[in-house]
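Subject: Structure handover, with notes on cavities, a pocket and salt bridges

Dear colleague,

I am passing on the structure we discussed, together with notes on what came out of it. Please read the notes with the model open beside them.

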Amino acid sequence: MLVKGIVDASVKLLGRQHRKFFAGGICRTSVQLPGKVVVVTGANTGIGKETARELARRGARVYIACRDVLKGESAASEIRADTKNSQVLVRKLDLSDTKSIRAFAEGFLAEEKQLHLLINNAGVMMCPYSKTTDGFETHIGVNHLGHFLLTYLLLERLKESAPARVVNLSSVAHIIGKINFRDLQSEKSYYSFLAYGQSKLANVLFTRQLAKRLQGTGVTTYSVHPGIVSSELVRHSFILCLLWRLFSLFLKSAQEGTQTTLHCALAEDLEPQSGKYFSDCKKSWVCPRARNNKTAERLWTVSCDLLGIHW
């Protein structure tokens with residue numbers, strides 16, 4: 001019995017140490033957000049939902065911007081009950097449709113006079129080849145162009161509310177990405193993991209270029225790798241679903257996965273790091289392609305052309 005007790009205690013201790021190791025960084029700030037207004041895209045599930053929950057817990061007025069309004073309302077009800085914050089609202093936003101993006105922005109701007117945090121969290125991963133309503137390949141269309149347009153439409157409100165921040169969810173997968181300007185929509189050849197990598201690289205480059213253009217405005221921006229998180233994001237890939245199940249003990253939970261997003265949204269004195277890429281709540285390495293200013297500038301111009309905007 002004594003031996004069994006020692007073994008059980010050792011297993012529990014190792015389990016706690018294991019979780020602590022793989023959980024990664026923790027957002028340490030105690031900043032509260034009464035009177036602050038936040039938009040989180042894709043917050044009806046996963047990391048986005050946990051991000052919205054924590055921001056609501058800190059007193060913010062939180063907008064859950066998502067395509068599935070029913071799931072959004074379910075998430076909002078849960079968050080309101082959990083945080084005792086009644087100011088958790090749901091609005092429809094389909095990032096694969098620029099008309100929906102514009103409609104969301106128009107409604108939000110009519111409803112709110114301030115915006116302090118924009119969390120560009122929503123995304124798709126390794127889905128079969130398809131195109132958005134506007135004819136963009138789905139990864140580049142949703143993960144990059146959709147959030148590019150949304151940020152453009154809400155930027156003046158962010159400036160008016162400064163200090164304000166924009167947090168863009170990227171991924172370590174940006175290292176496999178390459179911006180293929182000759183075939184940005186992957187019409188000549190398509191590999192889902194490369195399309196995903198391209199879109200995540202685009203997130204890093206967008207953040208880098210946005211930070212330069214926002215200097216002196218009081219609005220700062222950061223890109224984030226949340227970690228390898230157990231979520232619905234891998235649902236389009238049988239192989240990843242299998243790997244996620246086999247290695248579930250080594251994956252972050254959604255709550256753990258949101259820590260770096262929260263760090264970039266809330267941490268004090270982070271303004272000098274605007275434009276940087278973060279992982280585990282600290283500035284992290286990016287591949288050389290993610291530091292290429294010419295590529296970032298060209299991607300910005302191409303994105304504006306595709307969306308028909310002047311920025």
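Contact here means heavy atoms within 4.5 Å. Please also keep in mind throughout that this is a predicted model.

With that meaning of contact, I175 is a convenient place to begin. I175 sits in the loop that runs between β5 and α6, and, once its neighbours within four places in sequence are left aside, I175 is in contact with W285, C287 and R289. The C-alpha atoms of I175 and K200 are separated by 8.6 Å, although the two residues are 25 apart along the chain. I175 is classed as partly exposed because its relative accessible area is 38%, and the partly exposed class lies between the cut-offs of 20% and 50%.

K200 leads on to the cavities. The structure holds two cavities of 30 Å³ or more, and the largest of them encloses about 40 Å³ of space. The lining of this largest cavity is made up of N120, A122, N143, H147, N168, L169, K200 and N203. Three elements, α5 (138-160), β5 (164-169) and α6 (192-213), each supply at least two residues of that lining. By class, the lining of the largest cavity divides into two nonpolar residues, five polar ones and one that is charged.

One of these lining residues, N168, deserves a closer look. N168 is placed in strand β5, and N168 counts as buried because its relative accessible area is 2%. Not counting residues up to four places away in sequence, N168 touches N120, F206, T207, T221, Y222, S223 and V224; N120 also appears in the lining of the largest cavity.

The second largest cavity has a volume of about 30 Å³, and its lining consists of L95, S96, D97, T98, I101, T132, D134, F136, G141, L145, G146 and L307. The elements that give two or more residues to the lining of this second largest cavity are α4 (98-111) and α5, with α5 giving the most, at three residues. The classes here are five nonpolar, five polar and two charged. Helix α5 is thus a point to look at in both places, as α5 is among the elements supplying at least two residues to the lining of the largest cavity and gives the most to the lining of the second largest cavity.

Among the pockets, I would draw your attention to the second largest, in which about 270 Å³ of space lies. The second largest pocket is lined by 17 residues, and of these L117, P163, A164, R165 and A265 lie nearest its centre. Two or more residues of the lining come from each of β5, β6 (219-225) and α9 (259-266). The lining of the second largest pocket divides into nine nonpolar, four polar and four charged residues.

I turn now to the charged pairs. Side chains of opposite charge can pair when their charged atoms come close. The structure holds 13 salt bridges, and several of the residues involved can be followed along helix α2, starting with E50 and R53. E50 forms a salt bridge with R53, in which the closest N and O atoms are 3.0 Å apart, and both residues lie in helix α2 (residues 46-57), three residues apart, or about one turn of the helix. E50 counts as buried at 16% relative accessibility, and R53 likewise counts as buried, at 9%.

R53 also forms a salt bridge with E78, where the closest N and O atoms are 2.6 Å apart. Because R53 lies in helix α2 and E78 in helix α3 (residues 69-83), this pair ties together parts that are 25 residues apart in sequence. E78 is partly exposed, with a relative accessible area of 34%.

Further along helix α2, the side chains of E54 and R57 meet in a salt bridge, at 3.0 Å from N to O. Since E54 and R57 are three residues apart in helix α2, about one helical turn separates them. E54 is buried, with a relative accessible area of 19%, whereas R57 counts as partly exposed at 39% relative accessibility. Salt bridges that share partners join K49, E50, R53, E54, R57, R58, E78 and D82 into one network.

With best wishes

Conventions
Residues numbered from 1 in each chain as written. Predicted model: local features only at pLDDT ≥ 70, side-chain atom pairs only at ≥ 80, totals over all residues. Heavy atoms only, no water. 1 Å grid on protein atoms, 1.4 Å probe; cavity = no way out; pocket = protein on both sides within 12 Å on 5 of 7 lines; lining within 4 Å. Points joined across faces, edges and corners; volume = space filled by probe spheres on them. Helix = DSSP H or I, 4+ residues; strand = E, 2+ residues; numbered from the N terminus. Nonpolar A, V, L, I, M, F, W, Y, C, P; charged D, E, K, R; others polar. Buried < 20%, exposed > 50% of the residue type's maximum accessible area, 1.4 Å probe, protein only. Salt bridge = Lys/Arg side-chain N within 4 Å of Asp/Glu carboxyl O.
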